[in-house]
Amino acid sequence: MILHGDETADIATASGPMRLHVLRPATDGAFPGVVLFSEIYQVTAPIRRLAAMVAGLGHVVAVPEVYHEYEPAGTVLAYDKPGTDRGNELKYAKPLASYDDDARAAVAWLAAHPACTGRIGTMGVCLGGHLAFRAAMNPAVSAAVCFYATDIHSASLGQGRHDDTLQRLGEIPGEVMMTWGRQDPHVPFAGRQMIREALEAAGVRYEWHELNAQHAFLRDEGPRYDPALFLQAMGWVQALFGRALRAG
């Protein structure tokens, strides 16, 4: 699909205005919505291209600037040591409640968008994978796609590094897709097993994929990108969202 890909919206949140980057099919009609949460670098060129891929599959995609309280609107952190250090600093500075408030605000705004059917999914990579997972606790979210989600097994997201994600899995009403790289040092085997056992114990409807891939294998810049696995993963995304967001 041809896209409208240069729209933004500054929406109200409990901690101040947050910019959303919006990509949607350039055709008449209404489409399911997807809130896509970025990695720690915010809305980089690879994140924008990932959002375009999801929008091109027939979705209205909104990408929040997750550090809007700390950085001016439009800030993109570089894929280098200073950018990584700043992104990780802010990941642990931001209160967990602010992440959750932002997600609720983004979901509500997208559900009311005139090009959206009101059916909402979430998606994210790295930090964003964890945020998409937590956002799935919102009853307005029908499905979540989480790629190599960090800090779930260590319960260390947000200020104080003490999140409650694993304790709240029973609040997820929709479907979840979890995808991991076996060569990802950020989420080792024991951590993945902990998450999967918690999903089973909570009775969450989920699908699980482990690939011979490194962390950030979807990012189409740098040495860890795997184009073949990217295409395979997008097939899974299309299947889940096609089933969960277009039902009814």
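Two strands pair if DSSP finds at least two bridges between them. Helices (H or I, at least four residues) and strands (E, at least two) are DSSP runs, numbered from the N terminus. The legends below use these terms throughout.

This is a predicted model, in which local features need pLDDT of at least 70 and side-chain atom pairs count only at pLDDT 80 or more, while totals for chains, interfaces and linings use all residues. Residues are numbered from 1 along each chain as its sequence is written, and side-chain values use heavy atoms, with hydrogens and water left out.

**View 1. The whole protein chain, with six helices and eight strands.** Starting at the N terminus, the elements follow the order β-β-β-α-β-α-α-β-α-β-β-α-β-α. The C-alpha trace spans about 45 × 40 × 35 Å along its principal axes. A compact globule of 248 residues would have a radius of gyration near 18 Å, and the 16 Å of this chain agrees with that; the radius is taken over C-alpha atoms, and the globule rule is 2.2 Å times the number of residues to the power 0.38. Of the 248 residues, 56% are buried, where buried means under 20% relative accessible area, exposed over 50%, and partly exposed in between (1.4 Å probe, protein chains only). Contact means heavy atoms within 4.5 Å. Among contacts with a separation of 6 or more, 71% link residues 24 or more positions apart.

**View 2. An open sheet of eight strands.** Let's follow the strands across: their order is 1-2-4-3-5-6-7-8, with mixed pairing. Strand 1 (3–11) and strand 8 (205–211) stand at the edges; each has a single partner strand, so one side of each lacks a neighbour in the sheet. On average, neighbouring strands are turned by 20 degrees against each other, direction ignored. Axes are lines fitted to C-alpha atoms, for helices over the stretch in contact, and angles run from 0 to 180 degrees between N-to-C directions.

**View 3. Strands 7 and 8, and the helices that pack on the sheet.** Strand 7 (residues 175–181) runs parallel to strand 8, and seven bridges join them. Look for Met 177, which stands opposite Glu 207 in strand 8. Helix 5 (residues 189–202) packs on the sheet and touches strand 7 and strand 8, its direction making about 165 degrees with that of strand 8. Helix 6 (residues 227–244) also packs on the sheet, where the strands it touches include strand 3 (31–37), strand 5 (116–125) and strand 6 (141–147). The direction of helix 6 makes about 170 degrees with that of strand 6.

**View 4. Helix 4 (residues 127–135), a buried helix.** Nine of its nine residues are buried, so helix 4 is largely enclosed by the rest of the structure. Among the buried residues to pick out here are His 130, Phe 133 and Arg 134.

**View 5. Ser 98 in helix 3 (residues 96–111).** Ser 98 has a relative accessible area of 13% and is therefore buried. Leaving aside residues up to four places away in sequence, Ser 98 touches Ser 15 and Glu 69.

**View 6. Cys 126 and Cys 146, two cysteines without a disulfide.** A disulfide is a pair of cysteine sulfur atoms within 2.5 Å, and the count here is zero. The sulfur of Cys 126 has its closest cysteine sulfur in Cys 146, 12 Å away, which is too far for a bond. Both residues are buried: Cys 126 has 11% relative accessibility, and Cys 146 has a relative accessible area of 1%.
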